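Welcome, and thanks for taking a look at this one with us. Please have the sequence and the 3D view open side by side as you read.

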Amino acid sequence: MLKCRAVWRKLAPLTRSASTVCRHNVRRTALNTGRSQAPAPAAQMSTGPAGGGGNQNTIYVVLVGAVCLGSGAYAYMTVKGDSKRYNNRISEISSRSQIQTSEPQLELEPAVVPVPESDAVPPSEESIPATEAPEPPVQAEPLEISPAAAESAEPAAEVPAEEAAAAPVEEEVVAETSAPTEPQAEVPAVVVESAEEPVTEAPPEEAPPPAQPETVQEAPAEHAAESHPEAPEPAPVLPTVPSHAPYLLIGGGTASFAAARSIRAREPGAKVLIVTDEPDLPYMRPPLSKELWFSDDPTGTETLRFKQWNGKERSIYFQPPSFYIKPEDLTTAENGGVAVLSGKKVIQMDVRGNKVKLDDDTEISYDKCLIATGGTPRNLQVIERAGEEVMKRTTMFRKIEDFKSLDKVSRNVKSLTIIGGGFLGSELACALGRRSAESSLEVIQMFPEKGNMGKVLPEYLSNWTTQKVMREGVKIVSEALVKSVAFKDDKLEIKLKDGRKVETDHIVAAVGLEPNVDLAKSAGLEVDSDFGGFRVNSELQARSNIWVAGDAACFYDIRLGRRRVEHHDHAVVSGRLAGENMTGASKPYWHQSMFWSDLGPDIGYEAIGIVDSSLPTVGVFAKATSKDTPKAATEQSGTGIRSESETEATASSPVASSTPAPVVESKDEYGKGVIFYLRDKVVVGIILWNVFNRMPVARKIIKDGEEHADLNEVAKLFNIHED
């Protein structure tokens, strides 16, 4: 409409001047001939003489006709386009109102603004129904004003007074453009108000005789919502499983939690999703075989709270539920957060597409991914082939549910056999042996080595440890190779290869861990054939956007070569480093992780590096005091998870103790000491036996990689001879 009006303003003066010139030419011709103009035949009007002005008049007539025809065509096209846009807009609003009525939405009460009496006009018969019926969307359509009409309202007020002569023609154009909008032309002065916007009125120049009453037209609900973009809308129903996670951590153990905490520390607004097949939030595993068994609280099995050796109470979980956000809120969380999707297992990875598939066929895309799937407890093949009855009476100890199950079994059976003499088997044997003193439970431990932890400790120290475990009430069956297991007369019969038989009610298999590498095939990741686990580089990276940490990572140690470690401290350190590298740190893995084991509150040791009993060892021991126990160590450090303090400490230049080494009264008394493991005369592993809070010193010795002529002098760096 605005364009049509502007064109007509330019053409109107030309049309008027052309008509005037025609009239003047006719009069001039009549005066020159001295007689009135005689009508000429039709044939001569088109071919008359030049003096009659026929050719010039023809040009003017053609020009005027062309201008009128072009103006009419342009006006028609403009009106048709406006009508089409108007109909499209009405259809859009109608469809939007249908969507809004199908969903719960906040109702905005339209404001009624009084209009001054001077501006009020009497109502018309057609405008009243549209004013009193705001609910039906169809009746609200005439209130919609097209953008072109709204724009044309302002220039209309600026028409100069001298152009009033062209007003009749201009009114015809306006009436023609307003025709398609029928009710709109009858209700031009509409006042629509949202919750915050000012009242707007149409210019008086555009107002035709039909008028509005003093009460202002109420805006329909859909129009009010459209004019108020800040109005809150109901939150859409979000899926329980987010379709995308910037940081996806597969596995809910210690490594994943350490990585999540590291990512959030370096990128506070990061959105991290942990997917775990366990039903629990991330928790620490060491107390499952240590402190929880020595708790005096009968509800400790359910609350999973325990007292550390120093008497302080804590939970097995790293953080309470309030620390995490819901998975469905992860996408919309402004400040990011850590969400745990429990009870779900990732069964397939699409490395090229950056997405994973869950066991319920749900797909989650990611930007960066950490694989921290840990491992699965191994079982003996003879037990797996023994049948369902044997498997029902066998516990594979790894998770919280395994701890609860074994705790219940130990209170209801008379005999329980632990197969395995490593860290886990020896810790469970001591814990259950302590419980057997208060009940009639028989605890048996069998292993193929000569003594407890025979693959780690030197033979003399392994034998001494075996005696210690036996004093806890455990029956030891050493050099035992299981041949078969059968269920007979409500008992499990274990036959050994040397002919011995052991009868028991329940079996606990603690024979090692198998890393979970099921995703390697679908992801195309390399698995180490010697140590197992995903092969990663020094930055724990398997692919450009995939990292691996914890028990499942087979990494390259710059000092000790390629390794795979299955301990809590390694999970903490590797997870933390992987999280840093996922945020762009690009740090190599040089930290020597430690591990520890407690055989009750009185005997414990910490180790670092390669501790293999097949290597040459040198042990330096001293007489222990009351301060040289795990209980005293936790009292000094303030934490039962000793790696939490050890991994943060650093060692510079250790100073050897000046106290002379006392003479050990008995060669069989190993109260406290240091055991060095050598390879090519270089220390590659150290065990601190009842020596605590000295791990930074041991870490520095291994890092230096030097030969030592006298390891007794090196042992003084640990101050083992101080009282």
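The notes below go through an annotated span, the nonpolar cores, the aromatic pairs and one buried glutamate.

This is a predicted model. Its largest nonpolar core has 103 residues, and the count of aromatic pairs comes to 15. Trp 689 is a good residue to keep in view, as it is listed among those with the most contacts inside that core and also belongs to a cluster of linked rings.

**Annotated span**
- According to an unreviewed UniProt entry, residues 59–79 carry the annotation "transmembrane region".
- In the model this span is 100% helix and 0% strand, and its end C-alpha atoms lie 30 Å apart.

**Nonpolar cores**
- In the largest core, of 103 residues, those with the most contacts inside it are Leu 249, Leu 273, Trp 293, Met 349, Leu 370, Ile 687 and Trp 689.
- There is also a second, separate core of 22 residues, which includes Ile 608, Val 674, Leu 688 and Met 695.
- Back in the largest core, Leu 370 has contacts beyond its neighbours within four places in sequence, including Leu 248, Leu 249, Ile 250, Trp 547, Val 548 and Met 582.

**Aromatic pairs**
- Among the 15 aromatic pairs, Phe 323 and Tyr 324 are edge-to-face, because their ring centres are 5.0 Å apart and their planes stand at 90°.
- The two partners differ in exposure: Phe 323 is partly exposed at 37% relative accessible area, whereas Tyr 324 is buried at 9%.
- Tyr 605 and Trp 689 make a stacked pair, with 5.5 Å from centre to centre and 10° between the planes.
- Tyr 605 sits in strand S25 (residues 604–609) and Trp 689 in strand S28 (residues 682–689), so their pairing ties together parts 84 residues apart in sequence.
- Both rings belong to buried residues, with 0% relative accessibility for Tyr 605 and 0% for Trp 689.
- Ring pairs join Tyr 605 and Trp 689 with Phe 423, Tyr 460, Trp 464, Phe 595, Phe 621 and Tyr 670 in a cluster.
- Elsewhere, Lys 703 lies over the face of Trp 590, 4.8 Å from the ring centre.

**A buried glutamate**
- Glu 427 is part of helix H15 (residues 423–436).
- Its relative accessibility is 5%, so Glu 427 counts as buried.
- The Glu 427 side chain makes polar contacts with the side chains of Ser 289, at 2.7 Å, and Lys 290, at 3.1 Å.
- Leaving aside neighbours within four places in sequence, Glu 427 also touches Trp 596, Ser 597, Asp 598 and Leu 599.

How values were computed
Residues numbered from 1 in each chain as written. Predicted model: local features only at pLDDT ≥ 70, side-chain atom pairs only at ≥ 80, totals over all residues. Heavy atoms only, no water. UniProt positions renumbered as here; feature names shortened; annotations may be inferred. Helix = DSSP H or I, 4+ residues; strand = E, 2+ residues; numbered from the N terminus. Buried < 20%, exposed > 50% of the residue type's maximum accessible area, 1.4 Å probe, protein only. Polar contact = N/O pair within 3.5 Å; in protein donor to acceptor, adjacent residues only side chain to side chain. Contact = heavy atoms within 4.5 Å. Core = buried A, V, L, I, M, F, W, Y, C linked by side-chain atoms within 4.5 Å. Phe/Tyr/Trp six-rings, centres within 6.5 Å; stacked < 30°, edge-to-face > 60°. Lys NZ or Arg CZ within 6 Å of the ring centre and 35° of its normal.
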